[in-house]
Amino acid sequence: MSGSDARALSRSLLDLCRMRKLTIATAESCTGGLVAGALTDIPGSSDVIDRGFVTYSNEAKRAMLGVKLSTLTTFGAVSKETATAMAVGALEKAGVDLAVSITGIAGPGGATPGKPVGLVHFAVASRDGKIVHREFRFGAIGRTTVRQRSVVEALRMLMELARGPQPPIKPRQTMSRLRPRVARTPRRSAVKRRRPTRT
């Protein structure tokens, strides 16, 4: 995943949101504002991007996004529950249509039992109440790479949410190459003529 991937996704996402008149807010922990940076790097993004929250500490998550202390204490900062609360909090605080959150362990330190380096939780939330969470375990691939891949994944999730529900794909009706069977009248069984016996 390179910077060009993030740039291309950012352009596509912004174009889609303009077409559908959608606005976005971001809530980032381990990426430190890189998603907001990728989006606002595109000229004219101000008609889609409202704001970005960089909530690196637990206190910032509570004060800026309304994440409950009980959520952080019970599940930890790097968890499905916290990521979901961050996305919902960004959505409510900013009053936008879509929000994305990222919280993870980029490394090289910070791992705990059950939460290795490279673990990242993502969540996206929309004004219509839809929330999607994903967990990725990128592994110890380096701090910079974990952050870059997290940006790309966050943009992809926003793109999917911005597209909305897709209509079901209708199966194509293919013409059979076999010729249709034509009902045939049963053939009369041939009667063997017996030759007259000679005496």
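The second largest pocket has a volume of about 240 Å³, and the tour of this predicted model starts there. A pocket is here an open set of points on a 1 Å grid over the protein atoms alone, with protein on both sides within 12 Å along at least five of seven lines, and its lining residues have an atom within 4 Å of a point. Its volume is the space filled by probe spheres set on the points, which are joined across faces, edges and corners.

Before selecting anything, please note that residues are numbered from 1 along each chain as its sequence is written, and that side-chain values use heavy atoms, with hydrogens and water left out. Local features need pLDDT of at least 70 and side-chain atom pairs count only at pLDDT 80 or more, whereas totals for chains, interfaces and linings use all residues.

**Stop 1: the second largest pocket**

Select V78, G104, I105, A106 and G110, which lie nearest the centre of this pocket among its 15 lining residues. By class, the lining comprises 6 nonpolar, 7 polar and 2 charged residues. In this classification Ala, Val, Leu, Ile, Met, Phe, Trp, Tyr, Cys and Pro are nonpolar, Asp, Glu, Lys and Arg are charged, and the others, Gly among them, are polar.

**Stop 2: the largest pocket**

Next, select K130, E160, L161, A162 and G164. These are the closest to the centre of the largest pocket, out of 17 lining residues. The space in this pocket is about 300 Å³. Its lining divides into 8 nonpolar, 2 polar and 7 charged residues.

Which element gives the most to this lining? It is α6, with 4 residues. Colouring β4, β5 and α6 (143-163) is useful here, as each supplies at least two lining residues. Helices (H or I, at least four residues) and strands (E, at least two) are DSSP runs, numbered from the N terminus.

**Stop 3: the aromatic cluster**

Stay with β4 and β5 and display the rings of F122, F136 and F138, which ring pairs link into a cluster. The structure holds 2 aromatic pairs. Rings of Phe, Tyr and Trp (its six-membered ring) pair if their centres lie within 6.5 Å; planes under 30 degrees apart count as stacked, over 60 as edge-to-face and the rest as tilted.

F122 and F136 meet edge-to-face, with 5.6 Å from centre to centre and 85° between the planes. This pair links distant parts of the chain, F122 lying in strand β4 (residues 119-126) and F136 in strand β5 (residues 131-137), 14 residues apart. F136 and F138 have ring centres 5.4 Å apart and planes at 20°, so this pair is stacked.

How accessible are these residues? F122 is buried at 0% relative accessible area, and F138 is buried at 11%. F136 is partly exposed at 26%. Buried means under 20% relative accessible area, exposed over 50%, and partly exposed in between (1.4 Å probe, protein chains only).

**Stop 4: strand β1 and its partner**

Select strand β1 (residues 24-28), where 5 of its 5 residues are buried. I24, T26 and E28 point one way, while A25 and A27 point the other way. In a regular strand the side chains alternate between the two faces of the sheet.

Add β2 to the view: β1 and β2 pair in the parallel sense over 5 bridges, where pairing requires that DSSP finds at least two bridges between two strands. A25 stands opposite R51 in β2.

**Stop 5: salt bridges**

R51 leads on to the charged contacts. How many salt bridges does a search of the whole structure find? There are 8, each defined as a side-chain nitrogen of Lys or Arg within 4 Å of a carboxyl oxygen of Asp or Glu.

- R51 and D50 form a salt bridge whose closest N and O atoms are 2.4 Å apart. R51 is partly exposed at 36%, as is D50 at 39%.
- D41 and R7 meet in a salt bridge at 2.6 Å, N to O. The pair links distant parts of the chain, 34 residues apart: D41 is in the loop between α2 (34-40) and β2 (49-54), and R7 is in helix α1 (residues 3-20). D41 is partly exposed at 48%, and R7 is partly exposed at 32%.
- R137 and E135 form a salt bridge with closest N and O atoms 2.9 Å apart. R137 is exposed at 51%, whereas E135 is partly exposed at 39%.

Finally, select D15, R18 and D47, which are linked in a network of salt bridges.

Definitions and conventions: 1 Å grid on protein atoms, 1.4 Å probe; cavity = no way out; pocket = protein on both sides within 12 Å on 5 of 7 lines; lining within 4 Å.
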